[in-house]
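Welcome! Here is a friendly tour of the empty spaces and ring contacts in one protein model.

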Amino acid sequence: MDPLLVLLATPLAGGFFLWALGERDSAPEVNCAFSFATFVAAAWITEEVVSGGPITGFQEQFFVDPLNVFLVSLTAFVAFTTSLFSRPYMRTERDKGRMTPGRLRLYHSMYQVFTFTMLLALTTNNLGILWVAMEAATLATVLLVSVYRTAASLEAAWKYFILCGVGIAQALFGTILLYFAAERVLGAEGNALLWTHLNMVKGQLEPAIMSLAFVFLLVGYGTKVGLVPLHNWLPDAHAEGPTPISAVLSGLLLNVALYSVIRCKVLADGALASRFASNMMMGFGLLSIVVAAFFLSRQRDIKRMFAYSSIEHMGFVTFAFGMGGPIANFAGLLHMTVHSLVKSAIFFAVGHAAQKAGTQVMEDIRGLLRVSPRVGWGLMIGTLAILGMPPFGVFASEFLILTTAMREHPWATPILLLALGVAFAAIFSRVQPMVFGESTLKPLPYQPALAPVFIHLGLGLLLGLYIPPYLAAWYQQAAKLLG
């Protein structure tokens with residue numbers, strides 16, 4: 001049996017199955033089961049790539065190498081742990097009257113479809129299918145963000161749809177320009193959008209067309225990454241959608257969109273033989289870091305605050321890939337991994353805290369250690385980890401990015417350090433009273449499902465202290481593919 005077929009068919013079948021049965025009481029468990037099966041398929045395909053090298057399938061329409069296979073594994077893992085968190089969380093939302101049986105059916109089915117679209121985008125070798133997968137991910141996310149059917153959630157969903165729709169249209173135009181450049185070299189036989197074929201002839205692609213194509217692709221897919229000034233949809237979508245969706249948006253979708261950009265950057269670098277694409281990514285990354293850091297201090301909603309934190313961190317990763325080279329690329333891949341793990345853990349803890357307090361306004365959430373010590377410690381440890389405190393993995397990746405910037409682009413180092421300092425002060429000053437402050441709320445009568453929180457934080461800690469040799473070799477291979 002083809003592992004690629006199993007990987008893609010499992011969440012797609014889960015979407016159809018849960019659309020039929022998603023309003024039953026057993027739907028959360030079925031959602032977890034399909035997510036676990038997808039994770040097993042991802043582990044299977046990872047073992048195939050690690051032991052036998054890159055694989056292709058379906059007449060070269062799909063391609064998995066060390067770069068995308070680690071993102072496939074990360075996506076499947078976080079999707080599975082988020083489904084575990086989602087099970088008690090969404091039942092509580094139902095008991096509070098925020099979710100009806102019909103909305104639960106929509107939520108569970110679209111969760112699986114959303115997972116499918118991300119895996120499709122990661123594994124396809126065809127840049128046209130990549131665009132289709134990103135558009136499908138947009139449509140699935142719109143339905144998930146608007147699932148509460150409140151005025152605020154509908155507004156957030158429409159903003160997301162309009163802004164990302166405009167962005168994805170730019171990406172389509174960039175893809176057409178890329179095909180126009182490739183057809184002159186590869187002909188019109190149908191291989192002109194296959195990344196593996198383009199990579200072999202990237203030095204022969206027309207530089208003027210490729211530079212214009214990369215601008216549209218960066219702006220288009222950069223909208224999905226949340227790069228400033230294309231970021232306005234992201235804080236609203238995080239704040240108004242269900243917390244499990246906030247976790248997978250920050251932890252997974254932003255990675256997939258950035259993966260699309262760096263695949264295109266490899267082609268642009270080969271065609272242009274200059275730092276045009278790198279400089280554009282560095283510029284957008286640096287702008288995102290600075291703007292997001294200063295917007296953090298103005299937030300009152302806890303999910304909006306951590307949404308701006310995601311913009312800041314994706315700016316760091318974009319800046320790292322813009323610098324390029326073995327160390328910066330390695331650091332960018334490591335940062336994508338630890339940010340996904342830690343940020344999703346934070347949203348898990350935030351979800352329980354907001355459910356107990358009945359609000360997402362930070363001034364009204366106090367004394368989490370008294371209400372639920374595990375939620376409080378989960379939020380505090382996650383906050384310290386995402387702020388780059390040693391020995392967590394975020395510290396290791398940020399240290400590598402900063403030291404590379406000091407050596408190769410010293411002008412950017414003060415800007416990066418200033419943004420890090422502002423972000424640390426803004427987030428820590430808000431989270432500390434939420435965890436340690438006084439509260440009149442009664443302790444939770446039950447123990448919330450926080451195993452995913454501490455599993456993610458434990459992995460984030462491990463990657464700061466020790467990267468297993470096979471994982472380090474994996475990152476190095478992926479970094480080498482990026483040039």
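On a 1 Å grid over the protein atoms alone, a cavity is a set of points where a 1.4 Å probe fits but cannot get out, while a pocket is an open set with protein on both sides within 12 Å along at least five of seven lines; a residue counts as lining when it has an atom within 4 Å of a point. Grid points are joined across faces, edges and corners, and a volume is the space filled by probe spheres set on the points. Please keep in mind that this is a predicted model: local features need pLDDT of at least 70, side-chain atom pairs count only at pLDDT 80 or more, and totals for chains, interfaces and linings use all residues. Residues are numbered from 1 along each chain as its sequence is written, and side-chain values use heavy atoms, with hydrogens and water left out.

**Cavities**

- Searching the whole structure turns up six cavities of 30 Å³ or more.
- The largest cavity holds about 80 Å³ of space, and its lining includes Phe63, Asn68, Asn126, Trp195, Tyr259 and Arg263.
- Two elements, α5 (127–145) and α10 (243–272), give two or more residues to that lining; helices here are DSSP runs (H or I, at least four residues), as are strands (E, at least two), numbered from the N terminus.
- Sorted by class, the lining of the largest cavity has five nonpolar, four polar and one charged residues; Ala, Val, Leu, Ile, Met, Phe, Trp, Tyr, Cys and Pro count as nonpolar, Asp, Glu, Lys and Arg as charged, and the others, Gly among them, as polar.
- The second largest cavity has a volume of about 60 Å³.
- Its lining has 11 residues, of which Arg24, Pro28, Arg94, Leu104 and His108 are the closest to the centre.
- Helices α2 (27–52), α3 (66–95) and α4 (101–123) each give two or more residues to the lining of the second largest cavity, and α3 gives the most, with three.
- That second lining is made up of four nonpolar, two polar and five charged residues.

**A lining residue up close**

- Asn126, one of the residues around the largest cavity, has its place in the loop between α4 and α5.
- Is Asn126 buried or exposed? Asn126 is buried, with a relative accessible area of 12%; buried means under 20%, exposed over 50% and partly exposed in between, using a 1.4 Å probe and protein chains only.
- A polar atom of the Asn126 side chain lies 2.7 Å from the backbone nitrogen of Gly128.

**Pockets**

- The largest pocket has a volume of about 430 Å³.
- Among its 17 lining residues, Ser73, Thr337, Leu459, Leu471 and Trp474 are the closest to its centre.
- Helices α2, α3, α13 (326–357), α18 (451–465) and α19 (469–481) each supply at least two residues of this lining.
- The lining of the largest pocket divides into 14 nonpolar, three polar and no charged residues.
- The second largest pocket has a volume of about 230 Å³, and of its 19 lining residues the closest to the centre are Glu93, Arg98, Tyr148, Gly358 and Gln360.
- In the second largest pocket, α13 provides the largest share of the lining, three residues.
- By class, the lining of the second largest pocket has five nonpolar, nine polar and five charged residues.

**Rings and charges**

- How many aromatic pairs does the structure hold? There are 19 aromatic pairs; rings of Phe, Tyr and Trp (its six-membered ring) pair if their centres lie within 6.5 Å, and planes under 30 degrees apart count as stacked, over 60 as edge-to-face and the rest as tilted.
- Phe39 and Phe77 form a tilted pair, 5.7 Å centre to centre with 55° between the planes.
- Phe39 lies in helix α2 and Phe77 in helix α3, so this pair ties together parts that are 38 residues apart in sequence.
- Phe39 counts as partly exposed at 25% relative accessibility, whereas Phe77 is buried at 17%.
- Phe36, Phe39, Phe77 and Phe80 form one aromatic cluster.
- The charged end of Arg98 sits over the ring of Tyr148, 3.9 Å from its centre; this label needs NZ of Lys or CZ of Arg within 6 Å of the ring centre and within 35 degrees of the ring normal.
- The charged end of Arg263 sits over the ring of Trp195, 4.3 Å from its centre, and both Arg263 and Trp195 help to line the largest cavity.

Technical notes: Polar contact = N/O pair within 3.5 Å; in protein donor to acceptor, adjacent residues only side chain to side chain.
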